[in-house]
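Colleague: I have the sequence and the fold open beside me, and I would like to go through the reasoning behind the labels. Could you walk me through them?

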Amino acid sequence: MTKIKKTISDIIGKNNWIDGKDAQKYYRDWLNINGTIPMGVAFPANTNDVSEIVKVCSHENIEIIPQGGNTGLVGASVPSQGKSIIVSFEKMHKIIKLDVDSGLMVVEAGVILADVHAALNETNLEFPMHLGSEGSARIGGLVATNAGGNQAFRFGMMTDLVLGLEVVLPDGQVFEGVREVQKDNSGYQLRSLFCGSEGTLGLITKVVLKLVPKSTNVETGLVGFKDLNTAVKFCRDFSCQFHNFLMAIEFFTDFGVDLILKLSTDNDFPVKDRASIYVLFELGATSSLLDIRKPLIDYLSSNLVSSELVDCIVANSESQRRKIWFFREEQPEGQRLIGEQIKNDISVPIGSIEEFITRAIKICSEVNPNLRINYFGHMGDGNIHFNISPPEGNAAFTEKERGLSQKIAALANEMNGSFAAEHGIGRTKKVIYNELRGEAERDLRLKIKKSIDNQNIFNKGVIN
Ligand SMILES: Cc1cc2nc3c(=O)[nH]c(=O)nc-3n(C[C@H](O)[C@H](O)[C@H](O)COP(=O)(O)OP(=O)(O)OC[C@H]3O[C@@H](n4cnc5c(N)ncnc54)[C@H](O)[C@@H]3O)c2cc1C
């Protein structure tokens, strides 16, 4: 038994430790691209365990990689070198408190997002964070990546949904910031510092989540368009008409539909006439007294008459609603299954979505017109996942094709957007980060990192 395994097992019990070589599920990431074998994986049961593990690793100079659901997409949830351990929050999955009157929930960092939603089933509240990975992603990971998801344009990203945090710092001290109020202006906003910190500043152990009134009256629809221009114009008008009720406005392409149809023969597409671009919308009202269905149907009918839309459907049941969402949320999985891909998680001002996509497609076709491009994302906040797969029949990209990542990122930057809209920098976006972000900005982040984790014990090489 290695010394580190023995010392940590003495703290958390030997059943809460797995040797590195037996832990592939933990040390390889969702894309199965990143990750090397660590010394082991530790499963603490509480904050004290986490603090003690950190003290040991700090003393022995062993890197710690904090891990939630391991669904991160930038190589930050897995080790890049062997003198490391993963601290998995899998066993810290208690919902500590649900305060319906105050509209908040206190949870341990390892609670799965879908379990937060399920715990609110019987209440009139919801936690407005929804993404394709919600069955696996854990609250600590969502905070550490400052996740966005499909309601971010309305309710904000994780940083807007976190009231308080408890965090174990690199020397094992615990920052006790479990506040249950929106307003706490006691100096620098420390809770925000940890949102998007990607495991580099501290290990998040508890989180206070802000809840919102639940929409009981929900209408979900899918609309097909002949081209991007018509889809964007529709979204602009639709968002103004239904602004107060708009919960999600997402888009994907017909190429993306084919990817999902390949996942299984059970997946019949809910819209009869296939189009070029599809917009998924969800409207919600917190009062059942408000009729949103009639004005919605009237609006869509008048657009159908003016032949702006190829076809559309408004869900008539929960199962139909789920089917519509399936075609949007399974886009990452559909593309993963066709092999290697270049993932670009960019955002541009919403008025520039069409221009960005048109220019990005042109950049790609100049390199190789046969590249398979799957773009989809969040129309409400200009977040586009502009993903590229090699031409049919090619298993991998050429060097020149790989360089597209930088070009797409530079285009988003030039258009006053971001090359890292919601997934973070991690290890895989560092080259682009160093290229596109100025020295003063990078220095500032490095100074923050050094002032908190001078020994570089947490997630070495991530962001900085
Ligand atoms: C199918 C699919 C769809 C997705 N859709 C979206 C989307 O719409 N929007 C979006 O924003 N993201 C999306 N993602 C990315 C991913 O799900 C999110 O980044 C999510 O927040 C990661 O949570 P996790 O628990 O899996 O974290 P992990 O992958 O385990 O870790 C992510 C980062 O957080 C750190 N971390 C984890 N737990 C802690 C902790 N307790 N303390 C400190 N640091 C910690 C890790 O070190 C790492 O840097 C998607 C991913 C997949 C696979």
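Colleague: At what angle do helix α9 and α14 pack, and how far apart are their axes?

Modeller: Happy to help, and please keep in mind that this is a predicted model. Helix α9, residues 228-241, packs on α14 at an angle of about 160°, and the axes are 10 Å apart.

Colleague: Why is α9 called roughly antiparallel to α14?

Modeller: Angles over 145 degrees count as roughly antiparallel. The angle here is about 160°, so α9 is roughly antiparallel to α14. The crossing of this pair is right-handed.

Colleague: Which residues of α9 and α14 meet?

Modeller: From α9 there are L228, N229 and V232, and they meet I353, E354 and I357 of α14. Sorted by class, this contact has four nonpolar residues, one polar and one charged.

Colleague: What makes N229 the polar one there, and E354 the charged one?

Modeller: Glu is listed with Asp, Lys and Arg as charged, whereas Asn is in neither the nonpolar nor the charged list and therefore counts as polar. That agrees with the one polar and one charged residue of this contact.

Colleague: α14 also has α16 as a partner. How do their axes cross?

Modeller: Helix α14 (residues 353-367) and helix α16 (residues 404-414) have axes that come within 10 Å and cross at roughly 155°. That value is over the 145 degrees cut-off, and therefore α14 and α16 are roughly antiparallel to each other. Here α14 passes α16 in a right-handed crossing.

Colleague: Which residues make that contact, and how do they divide by class?

Modeller: On α14 the contact is made by F356, R359, A360, I363, C364 and V367, and on α16 by L404, K407, I408, L411 and A412. They divide into nine nonpolar, no polar and two charged. Arg and Lys count as charged, so R359 and K407 are the two charged residues.

Colleague: Let's move to the N-terminal part. How do you know that α1 and α3 are roughly antiparallel?

Modeller: Their axes come within 9 Å and cross at roughly 160°. With the cut-off at over 145 degrees, α1 and α3 are therefore roughly antiparallel to each other. α1 passes α3 in a right-handed crossing. In α1, the residues I4, T7, I8, I11 and I12 meet D49, E52, I53, V56 and E60 in α3. This contact divides into six nonpolar, one polar and three charged residues.

Colleague: Which strands do α1 and α3 lie across?

Modeller: Helix α1 (residues 3-12) lies across β1 and β2, running at about 155° to β1. Helix α3 (residues 47-60) lies across β2, β3 and β4, at about 170° to β4. These strands belong to an open sheet of four, ordered β1-β2-β4-β3, with mixed pairing.

Colleague: What makes β1 and β3 edge strands?

Modeller: Each of them, β1 at 17-19 and β3 at 63-67, pairs on one side only. The twist from one strand to the next averages 25°.

Colleague: How do you know that β2 and β4 pair?

Modeller: A pair needs at least two bridges. Strand β2 (residues 40-42) is joined to strand β4 (residues 84-88) by three bridges, so they count as paired. The two strands run parallel, and G40 stands opposite I85 in β4.

Colleague: What is the strand order in the antiparallel sheet, and which strands are at its edges?

Modeller: That open sheet has five strands in the order β5-β6-β10-β8-β9. β5 (95-99) and β9 (174-177) are its edge strands, each pairing on one side only. On average, neighbouring strands are turned by 10° against each other, direction ignored.

Colleague: How many bridges join β6 to β10, and how many pair β8 with β9?

Modeller: Five bridges join strand β6 (residues 104-108) to strand β10 (residues 203-210), which run antiparallel, and L104 stands opposite K210. β8 and β9 pair in the antiparallel sense over four bridges, with V168 opposite V174 in β9. Their hairpin has five residues between the strands, and G172 takes a positive phi near 95°.

Colleague: Finally, how far apart are the C-alpha centres of domain 1 and domain 4?

Modeller: They lie 33 Å apart. Domain 1 covers 3-91 and domain 4 covers 338-425, with domain 2 (95-213) and domain 3 (217-332) completing the division.

Technical notes:
Residues numbered from 1 in each chain as written. Predicted model: local features only at pLDDT ≥ 70, side-chain atom pairs only at ≥ 80, totals over all residues. Axes fitted to C-alpha atoms, helices over the stretch in contact; angles between N-to-C directions. Parallel < 35°, antiparallel > 145°, perpendicular 65-115°, else oblique. Left-handed = near helix turned anticlockwise from the far one by under 90°. Contact = placed C-beta atoms within 7 Å. Domains from an automatic or database assignment.
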